[in-house]
Every structure is written in C-alpha cells, then in structure tokens.
Amino acid sequence: MTKSTGITWAAASARRLERQFLARRARTGTSVADVAAAMLGVHAQVLSAAELSVGLRADGVTRTDVRDALWPTAPLAPPAPALVKTHGPRGTVHLLPARDLPMWCAALPAIPAGPAAFPTEVRLTGEQAGQVVAAIADALDGTFLTVDELGEEVVARTGPWAGDLVMPAFQTMWPRWRQVLHRAGQCGALSFGPNRGRRVTYTRPPHFTPLPPEEASRLLVRRYLYAYGPATPQHFARWLAAPPGWAKARYAELAAAGEIEEVRFEGAPAWVAAGDTAFPDAPERDELLRGVRLLPYFDAYVVAAQPRELLFPGAAYRRALAGGQAGNFPVLLVDGVAAGVWHQRRRGRRTTVTVEPLARLTARQERELADCVERVGAVLEAAAELVIGEVTVGAHA
C-alpha cells in the first residue's frame with residue numbers, strides 16, 4: 001500500500017472493490033449482515049437483486065441465507081433478525097443490518113426534506129404525521145400486517161382523517177396516512193415482513209435506541225467515505241438524495257473536528273476519513289482491479305461510487321445508465337469499469353443470463369464470465385445458462 005494525497009481513479013477503485021468484497025469475496029462464514037454493512041445498505045426494491053448483491057460478494061451465500069437473516073424461523077422463539085428490509089437511503093427499500101438501525105434511523109430523518117409532493121389539502125400536518133408514525137409502530141409491534149390491515153389499525157388509533165382517500169396513485173386513490181410510510185421506515189417504526197402470498201406485509205423491527213441525530217449524521221459521512229471515498233459533499237448528497245448544502249455543512253463540521261481530511265483525487269479536491277489515505281499501488285492495484293464481475297440492478301457499488309463518468313466510461317455511459325442514473329441496468333464490470341449490461345430470465349429452476357459486452361472479451365474474460373454466471377445461478381438456487389448477445393429489455397425491466 002502507498003500513502004498518497006494524489007489519488008488516481010484506478011487506486012480508488014481498487015480500494016473500493018476490496019472493501020466491497022468485489023475484488024475478493026468474503027470468506028465462508030462471513031455473515032450477510034457484515035456484507036450489507038460494508039455496502040452501506042443493499043438496494044432491495046427487487047428482492048432477488050438484493051440477494052444477488054449480497055451473494056455475489058460472499059462465498060457460499062444463497063438467497064435462502066439472505067431471507068433467513070431477514071425473517072429467521074425457529075420452532076419456539078425465533079432469533080432477532082440480522083437484516084431488516086426497510087426504507088433506507090433515497091427513501092428506497094434497502095436491506096440494512098439490524099445493528100446499524102440506531103445510526104440509520106437517526107441520520108435519515110435528519111436530512112432536510114425537499115419540496116412538498118402534495119398540495120396543502122392533501123398533506124398531513126407535522127402533528128398528524130407524528131401521530132401516524134406512532135400508530136404504525138404500535139400496530140406493527142410483534143405482528144405482520146398487510147397494508148390494508150395496517151391502514152385499519154392506523155385509522156382506529158388516530159382518526160378518520162388518516163383514511164381519507166386523497167393521494168392519487170396508479171389510477172386509484174390512497175389514504176392520507178400512506179404519504180409517511182417511508183418516513184415510518186426510516187425512523188424505525190416499520191419494516192417489511194415476508195410476503196403473504198402475493199401481498200406485502202409489514203412488521204416493526206427490533207426495538208433500539210437511536211443515536212443523537214448529529215452524531216448519526218457524522219458517523220454516516222465517515223462510513224460512506226470509508227466505503228466509497230475519496231468523495232466530495234456533492235457525491236455524498238447524490239448518493240443520499242440530500243440537499244447539497246446540507247451535505248457540505250456536514251463535511252465542514254467533520255473537517256473542522258479533524259475527523260475527515262482533504263486529498264487530491266484525479267486532480268480535484270475530495271475527502272477521506274482522517275488517516276485513511278493508504279491506497280494500493282501497482283501491482284496490487286492492478287490485481288484488485290483485474291477481472292470480470294456481474295452486478296445486479298441498483299447494486300450499491302454502481303450507485304455510490306463516484307465520479308460516475310469514470311465508472312461508466314465512453315459507450316458505457318450511454319448504454320449502462322438511464323439518463324445518467326445508475327442502477328437501472330445490471331452491469332458487467334471489466335477491470336473495474338462498466339463494460340456492458342446483462343439480464344437474467346428465470347423459468348422454474350433454470351435461469352438464462354444474457355450478457356452484452358460493449359467490447360470483445362478475451363478468452364480469459366469469457367471464462368471468468370462463465371464462472372460469474374455459474375455463481376449467479378448458485379445464489380438464486382437455479383441452474384444458470386450464459387448467452388453472450390444483445391440485451392433487448394429496457395431499463396429496470
């Protein structure tokens with residue numbers, strides 16, 4: 001390792017890949033919570049993609065292991081979950097380590113909200129929103145409820161106003177209380193339970209004491225920089241969908257306290273955690289970067305690693321992003337940068353993985369790709385077949 005304040009994209013990428021268990025998979029026995037913690041949350045709007053994000057980083061882990069960590073079962077008293085499926089960064093559904101909820105559920109509510117999404121007559125007042133969140137937490141304690149069952153409990157605990165059908169949604173109207181569903185998740189009142197048939201259920205995560213909001217926000221900055229640094233306040237804000245001014249203020253506070261330090265990253269100022277300035281140099285850097293990797297929809301690495309134009313160079317910026325947004329396509333990484341897209345279609349116990357490289361692969365890379373596809377099948381508990389050809393489905397298909 002070399003200590004440097006002039007950091008290249010290659011050196012930063014190599015360190016990020018290593019810390020993300022993408023250069024070398026986590027050893028057998030590493031908990032799925034440890035993998036999710038290293039990623040700073042696993043995007044889980046599509047659960048199978050989250051299962052792949054975790055399983056591709058850890059030897060021997062399958063989708064069953066991820067689900068057992070979320071919803072453990074035992075004959076008498078099930079243990080507490082190691083993972084919680086809830087609303088995380090950007091308000092989107094994530095898998096978060098249960099042990100990290102004191103940080104997440106203090107830091108996320110402290111992020112200033114953007115412009116109101118609904119007109120005044122639709123919105124909840126601050127007092128009403130607090131009542132709804134408290135009612136959700138109370139109703140879900142120790143049980144699993146569908147959204148309709150939860151709605152009945154919320155209205156019973158608050159008042160008829162919570163059930164007014166005022167929110168336009170998918171050619172229908174939702175009750176007023178649902179506009180704070182994500183807020184309930186972000187503050188620890190709600191998490192997702194296992195599906196009941198085709199219906200989503202909710203429950204309350206294990207009880208915990210949140211950190212003080214300022215402490216949680218500063219810890220989140222340091223955790224982000226450890227996983228994805230060097231990074232600017234703008235990078236941090238983009239990852240969280242937070243106001244840039246708020247992110248800049250958090251960086252300034254930590255810099256003044258000596259908790260983060262400025263470095264030169266590709267010739268421009270960026271920040272790392274204080275003292276965390278050791279980056280791999282050649283040949284270790286090249287060894288960490290080298291290889292073929294498959295990352296699923298909205299994998300944490302492609303969403304959080306910045307600058308995006310360096311992760312998605314040339315044709316990859318046009319093909320593997322959707323209007324500049326990362327995650328809408330599963331990505332083929334070659335030697336640390338996006339070099340194609342892929343898609344998997346499952347039929348029963350078999351899945352076909354179609355990979356579209358943007359440049360011709362070498363024989364060695366094709367062998368590595370075949371190994372990656374085999375691992376995709378192992379995680380999803382299916383027999384996988386590799387097809388190299390055009391991916392014809394659109395973004396987030």
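Which residue, with a positive phi, follows α1? The residue is F21, and its phi lies near 60°. Helices and strands here are DSSP runs, numbered from the N terminus, with at least four residues (H or I) for a helix and at least two (E) for a strand. The model is a predicted one, in which local features need pLDDT of at least 70 and side-chain atom pairs count only at pLDDT 80 or more, while totals for chains, interfaces and linings use all residues. Residues are numbered from 1 along each chain as its sequence is written, and side-chain values use heavy atoms, with hydrogens and water left out.

Helix α1 itself spans residues 9–19, and because 9 of its 11 residues are buried, it is largely enclosed by the rest of the structure. Buried means under 20% relative accessible area, exposed means over 50%, and partly exposed is in between, with a 1.4 Å probe and protein chains only. Among the buried residues of α1 are W9, L17 and three arginines, R15, R16 and R19.

An open sheet of 3 strands comes next, with the order β3-β5-β4 and antiparallel pairing. Its edge strands, each pairing on one side only, are β3 (42–43) and β4 (83–87). Two strands pair if DSSP finds at least two bridges between them; β4 and β5 (residues 93–97) are joined by 5. One residue of β4 to look up is L83, whose bridge partner in β5 is P97. Helix α2 (residues 32–39) packs on this sheet and touches β3, β4 and β5, its direction making about 115° with that of β5. Helix α4 (residues 63–70) lies across β4 and β5 and runs at about 80° to β4. For these angles, axes are lines fitted to C-alpha atoms, for helices over the stretch in contact, and values run from 0 to 180 degrees between N-to-C directions. In the loop between α4 and β4 sits P78, which counts as partly exposed because its relative accessibility is 47%. Beyond residues up to four places away in sequence, P78 touches P72 and T73, where contact means heavy atoms within 4.5 Å.

Empty space was examined next. On a 1 Å grid over the protein atoms alone, a cavity is a set of points where a 1.4 Å probe fits but cannot get out, a pocket is an open set with protein on both sides within 12 Å along at least five of seven lines, and lining residues have an atom within 4 Å of a point. Points are joined across faces, edges and corners, and a volume is the space filled by probe spheres set on them. The largest pocket holds about 830 Å³. Of its 27 lining residues, A113, G114, Q179, H182 and R183 lie nearest the centre. Two elements, α6 (126–140) and α8 (181–186), give two or more residues to this lining, and α8 gives the most, with 3. The lining comprises 17 nonpolar, 7 polar and 3 charged residues; here Ala, Val, Leu, Ile, Met, Phe, Trp, Tyr, Cys and Pro count as nonpolar, Asp, Glu, Lys and Arg as charged, and the others, Gly among them, as polar.

The structure also holds 2 cavities of 30 Å³ or more. The largest cavity has a volume of about 50 Å³, and its lining includes M39, H43, W239 and F298. By class, this lining has 7 nonpolar, 3 polar and 1 charged residues. The second largest cavity encloses about 30 Å³; H43 and F298 are among its lining residues too, as are Y297 and H396.

F298 deserves a second look for its backbone, as its phi is positive, about 50°, although it is not a glycine. F298 is found in the loop between β14 (292–295) and α13 and is buried, with a relative accessible area of 10%. Q171 likewise has a positive phi, of about 65°, but is exposed at 88%, in the loop between β7 (165–169) and β8 (172–175). Cis peptide bonds join G229 to P230 and Q306 to P307. P230 lies in the loop between α9 (213–228) and α10 (233–240), and P307 in the loop between α13 (300–304) and α14 (308–311).
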